[in-house]
Each structure stands twice: as C-alpha cells, then as structure tokens.
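The exercises below concern ligand contacts, an internal cavity and aromatic rings. Work through each task with the structure open before reading its solution.

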Amino acid sequence: MSEQEVFDLIIIGSGPGGYHSALRAAQYGAKVAIIEKAPSELGGTCSNWGCIPTKALVKSAHLLEEIHEIAPDLGIMVGNVAFDFAKAVERKNKVVSELRTGIEGLLNTRKIPIHYGFGKLEGGTINEGFTVSVTPKEGQKTFLKGKRVILATGSTPALIPAFNIDHKKILTSDDILHSDFKTLPKSMVIIGAGVIGCEFGNIFRRFGVDVTMLEYLPNMIATEERLVIKELNNTFDEIGVKLHVSQNVLKVETTETGVKATTCDASVPRDQTESAEKFTYEADICLVSIGRSKLTKDLGVEELGGTIDRSGIVVNEKTRETGIPGVYAIGDVTGGIMLAHKASYDGDIAVANALTSIGGFDTHAREANYRVLPATIFTSPEIGSVGIRENQAKEMAKEKGSKIYTGRFYYASLGKAKCMAAEQGFMMIIADAETDLILGASCIGHGAPELIATVSVAMEHGITASKLGHTIYSHPTISEMVLEAVEDVHGMAIHKAGRRR
Ligand code: NAI
C-alpha cells in the first residue's frame, strides 16, 4: 500500500454535493479523486433525474401556457398549436447530456480522476488514512487511498411495496425522466402533492394530460406559506388538475387499461382502513412521488463506527463529520432538507473542515448554518421561500413577547409585471418589529425563485428591512417586487395604499 498514490480527499458520489466538493477542494490545491457508480450517473440526481431535466420540461410547459393563455392578448394568433412530447424529451436529454459533459470537463480540467464503480469505505483511520474500494459494473475491483473521505451518495425515489412500482405503468420520477419516456399518457394519477408531485402535475397538465393528484395531508406543498398554498391550489383548480387531499393511498395496481389507485380518508386509523369507505382513481399511468430514500447501503459506514438512522448517515450538523473521524457526509444521504444547493453548501463546509484538519491548505474550519436556506418550486406560478413562515414568526414573537411586521406586495400592482402579462401572485417579507431583521420571505409568481435570492443575501448578512429598502432597484424590473414588499414592512410601499408603521 505504501507505493500507492494517496489522495487528500476521496469523494463518493458526483451529484451537486460530490462534484462541487471535488472542484472546491481542487481549487485549494488538494489532490482529489471522485467515485461515481456509472458514467450515466455523473452529476447525480440533480443533473440526470431531478432539477435539470424537469426544468427543461418546465420550459416546454411554460411556453405552451404562454401561447395558449397570453399570446392572443398580446396580439399573437398562433392558430392550431401542436405539441410533440418526444421532441421536448429529446431537448431535455440534450440539456442533460451537455451538462454531464460539462461536469466531466470541469473535473478533467482540475485533474480530478473519475473512478466509475460502487465506492465503499473498507477501513482506515484519520491518522493512517482510509482505503476505499471501487467496484465497477464490469471488471476488477480497485482500491484507492485517501487522507479524508466525503460521502455524497444522495437519495433515490422511495418505493412502497403496496404501490407495486413496476417502472412501466407505475413509475417514479426517475422513470418519467428516463431518456426513453417519450409517449405522453392521456391521463395520470400522481401520489404525493409535495414538490416533485406538484412540479410534474403542472408540467403534464400544461401538456394536456388529465392529471389527478392524491395527497395524504390536508394541503399540497404543506411546508410553504399558507397564502402561497392557496394561490397554487387556485391555479391547479383553474387549469383542471384534480387534487384530492387527506387521502390515504392504500394500494396501486395495474389494470388492463392502465392503473388504479385505492384510497380511504386519511383520518381513518391505520388499523381500520380495511373496513373504511374506499375511493378509486384510474388513469393510464401513475407517478409515485412520496419522498426519497437515502442511499446509505453498503458504504461501510457502520463497520467503521459511523451511525445510520432513519434520517440517513448521522453527522455533526455543524462540521458534517460522521461518527468516523476524518469521514464526512453531505447532502441527501444525511436526510433533512433534500436540496441540491444545500448539498453543495454542505460540501463547502466538509471540504473546509477536511482540508483544515490535514493542514497546509489555505482553509479554515467552518460551521454550517442553515438559517438562510432558500427553497424553490418550479410550478406555474413559480414559488420561492426562505427563512420562517408568518405563523411560525408570530408564534416565536409571542413567546418572546415581541412583534413582527409583514410586508406584502402584489405583482398586479407592478408596472413591469403588467407589461410582462405576469400579474399573478405576491411577495411577502416578514421582519422582527424591534430589530428590523428579516425573518423570512415567500413569493409566488413570475421569477419568484430569483427574487428570493435578494432576500437570502439580506438575511445572511444581517441587512435590515429598512436597509434593503434603501437600495436602488432598477425600473422597470420585476426585482422591484422586493423593494415594494420590503418597504411595505413599514407601511411605506409607494405603489400600495397603506399606513406608515
Ligand atoms: P416531498 O416530501 O416534498 O412530498 C411528498 C408528499 O407525498 C408529501 O406531501 C406527503 O404528505 C405525501 N405522501 C407521502 N405518503 C403518501 C401516501 N401514502 N399517500 C398520499 N400522499 C403521500 O417529497 P417529493 O415531492 O418526493 O420530493 C423529494 C425531495 O426532493 C424533497 O425533499 C424536495 O424538496 C426535493 N425536490 C426539490 C425540488 C426543487 O428544489 N425545486 C424539485 C423536486 C424535488
């Protein structure tokens, strides 16, 4: 082993957590190797089966929506519009493949070897370094040696036996985003109205599919702001997505013509569902989007003294170190909030701490802080949020004996939004009445995911609501939504009737 090349850092998994960490560590001059199951997986869920392919389809869906709903008002008569789903999928595949090549190029440029195969921790310690095996789909197992290891293996769609996922008619989001899924169904049932369910519900409804959604909780996208949920609910109603909430889906089966989902009311106790009144929903296909399972299996974590629990690989949230000193874990595999940008942020923290512990790099130890973690949902209208919701803020204020102010501004009152025919939605910003610090923001409407970034910057750096309002925003822009919403925190929005607080 002594003759073997020793890497400073070995990273298992090349998603937005893993490849980001590899590039970051290489920027600091570390000698890095990355392990990925197969070339088709380079870039992970985000690039291949998640953020990127869905957003490519969202573009087709959004353009169709604009042609149908907005173009005539803008004097553009398109006539009969044909939609070729296979063509949209081909474009989506091209986007995915170009990005994958881009990631490969970046890793090559930074001289980071990519080892294709299943990575596993075989042994070692922080003092001696670690041995990691790489088992390719075909061919010989090889071994790498590294001073530190980052586990970034991600997650996969959750499979429930009762849902009989056959990957043909009863599908996961991976199946729907497979490069060969090119036939548009006439109808689909979506189980779970969370982020994935709602994004696909919107896409396929805009493509003309008859969409039924079944959700266990009383609300879709339940963690979002109450008024945001209401707005999306209304839109889904208007466009004809049939959303059934408080539905406990008991089973899904294939039938001769398609699929059938059987539910009962979610209030029925689990041991009484057999005798409960049943409801059935039939369609051509079914998408199961009820959350994701963490890929923790066979990584060798527990053998080396690390812990895996229901939420994934257990880490010190602040340092990202696992129970094995010198081994870090980031992103979806550690559970919690599963977002690509959170995985990349975790990666920055893990790299800083790993390299600092080795010594000799221009890094310093860092502690993670997730107070300002924006989230986005690419439905139409789009949604962005950061920090806490109004109800949470009110409760916290009550406990502290303080007060909050909420500013709210509607797209319909903004000049640029009118010009863009994008008048739906609003932005709200919540601030502590005493300190004027921003506690959270939610936005639904045109460009919401982009607008929320400005508020995130303010929150991260302690820029108060007043200061955010004392910034010059270019006119006419959609970014003025932030200006008006934040000025409304003090009742000072220019384009809204209100009283100064
Ligand atoms: P999710 O946790 O967001 O939603 C799952 C939904 O399914 C929940 O509303 C839950 O109540 C419901 N559900 C669970 N079991 C059910 C049952 N038996 N019957 C009916 N409903 C049931 O999970 P999702 O949508 O699968 O997304 C997975 C992860 O991927 C999330 O953490 C999400 O944040 C992330 N993601 C992020 C995106 C973005 O940033 N734009 C896009 C897509 C996914």
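A polar contact is a pair of N or O atoms within 3.5 Å. The model used throughout is a predicted one.

**Exercise 1.** Identify the residues closest to the ligand, and find which of their atoms lie at polar-contact distance from its oxygen atoms.

*Solution.* Begin with the surroundings: 22 residues surround the ligand, and the closest are Ile196, Glu199, Glu215, Gly291 and Thr376. Next, take the backbone, where an N or O atom of isoleucine 196 lies 2.8 Å from an oxygen atom of the ligand, while a backbone N or O atom of glycine 291 lies 2.9 Å from a ligand oxygen. Then turn to the side chains: a polar side-chain atom of glutamate 215 is found 2.6 Å from an oxygen atom of the ligand. Finally, consider the cover, for the protein covers 77% of the 850 Å² of accessible area that the ligand has on its own.

**Exercise 2.** Determine which residues line the largest cavity, and classify them by polarity.

*Solution.* The search yields 1 cavity of 30 Å³ or more, and the volume of the largest cavity is about 30 Å³. Its lining consists of Pro157, Ser173, Ile196, Val288, Ser289, Gly291 and Arg292. Sorted by class, the lining residues comprise 3 nonpolar, 3 polar and 1 charged. Two of the names, Ile196 and Gly291, appear in this lining and also among the residues closest to the ligand.

**Exercise 3.** Locate the aromatic cluster and the lysines that sit over rings.

*Solution.* Across the whole structure there are 9 aromatic pairs, and ring pairs link Phe83, Phe85, Phe181, Phe200, Phe204 and Phe207 into a cluster. For the lysines, the charged end of lysine 31 sits over the ring of phenylalanine 7, 5.9 Å from its centre, whereas lysine 342 lies over the face of tyrosine 370, at 4.9 Å from the ring centre.

How values were computed:
Residues are numbered from 1 along each chain as its sequence is written. This is a predicted model: local features need pLDDT of at least 70, side-chain atom pairs count only at pLDDT 80 or more; totals for chains, interfaces and linings use all residues. Side-chain values use heavy atoms; hydrogens and water are left out. Rings of Phe, Tyr and Trp (its six-membered ring) pair if their centres lie within 6.5 Å; planes under 30 degrees apart count as stacked, over 60 as edge-to-face and the rest as tilted. A charge sits over a ring if NZ of Lys or CZ of Arg is within 6 Å of the ring centre and within 35 degrees of the ring normal. On a 1 Å grid over the protein atoms alone, a cavity is a set of points where a 1.4 Å probe fits but cannot get out, and a pocket is an open set with protein on both sides within 12 Å along at least five of seven lines; lining residues have an atom within 4 Å of a point. Grid points are joined across faces, edges and corners, and a volume is the space filled by probe spheres set on the points. Ala, Val, Leu, Ile, Met, Phe, Trp, Tyr, Cys and Pro count as nonpolar, Asp, Glu, Lys and Arg as charged, and the others, Gly among them, as polar. A residue is near a molecule or strand if one of its heavy atoms lies within 4 Å of it. A polar contact is a pair of N or O atoms within 3.5 Å; within protein, one must be able to donate a hydrogen and the other to accept it, and residues adjacent in sequence count only if both atoms are side-chain atoms. Accessible areas come from the Shrake-Rupley method with a 1.4 Å probe; for residues, only the protein chains shown count as cover.
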